[in-house]
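Subject: Structure for you to look at

Hi,

Here is the structure I said I'd pass on. Have a look at it first, then read my notes underneath.

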Amino acid sequence: EVTITRRSEEDECLILASDGLWDVVTNQEACNIARRFLRDPQMAAAALVYAANEKGSGDNISVVVVDLRRRDRSSSSSTSSSSKTASSSTDTGLDC
């Protein structure tokens, strides 16, 4: 499935995840969890995997969280958006 969504300045992150997450965690829950850990996208992905496991997901759980917030290019040596994975495969995405 491919979905094209126009991004806005307010977008904070992109969550790409398999059914193992989306079957048991709502979009709003996923956004709330990701926002809490967004300074570290890898931790955000791990927290989402943990939440799905806690809710009894019976499917494989794969999550990637991408930080979409703008970076001040003069304040850090790494200016690119970071993406960290808790697992490698993905099905569906959600902009938070």
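Below is what I found in it.

A caveat to start: this is a predicted model, where local features need pLDDT of at least 70, side-chain atom pairs count only at pLDDT 80 or more, and totals for chains, interfaces and linings use all residues. Residues are numbered from 1 along each chain as its sequence is written, and side-chain values use heavy atoms, with hydrogens and water left out.

pLDDT is the predictor's confidence in each residue, from 0 to 100. Its mean for the protein chain is 81, with 74% of residues at 70 or more. Go carefully with residues 75-91, where pLDDT stays under 50.

The chain has three helices and four strands, in the order β-α-α-α-β-β-β. (Those are DSSP runs, numbered from the N terminus: helices are H or I, at least four residues, and strands E, at least two.)

Of the 96 residues, 34% are buried (under 20% relative accessible area, 1.4 Å probe, protein chains only). The largest nonpolar core (buried Ala, Val, Leu, Ile, Met, Phe, Trp, Tyr and Cys joined through side-chain atoms within 4.5 Å) holds 20 residues, and Ile 15, Leu 21, Leu 48, Val 63 and Val 65 touch the most other members. Strands E1 (13-17) and E2 (63-67) and helices H1 (19-22), H2 and H3 (41-54) each give two or more residues to this core, with H3 giving the most, seven.

In H2 (residues 27-36), the buried residues are Ala 30, Cys 31, Ile 33 and Ala 34. They sit on the same side of H2 because they cover an arc of only 165° around the axis (taken from the directions from the helix axis to the C-beta atoms).

Cheers

How values were computed: Buried means under 20% relative accessible area, exposed over 50%, partly exposed in between (1.4 Å probe, protein chains only). Contact means heavy atoms within 4.5 Å.
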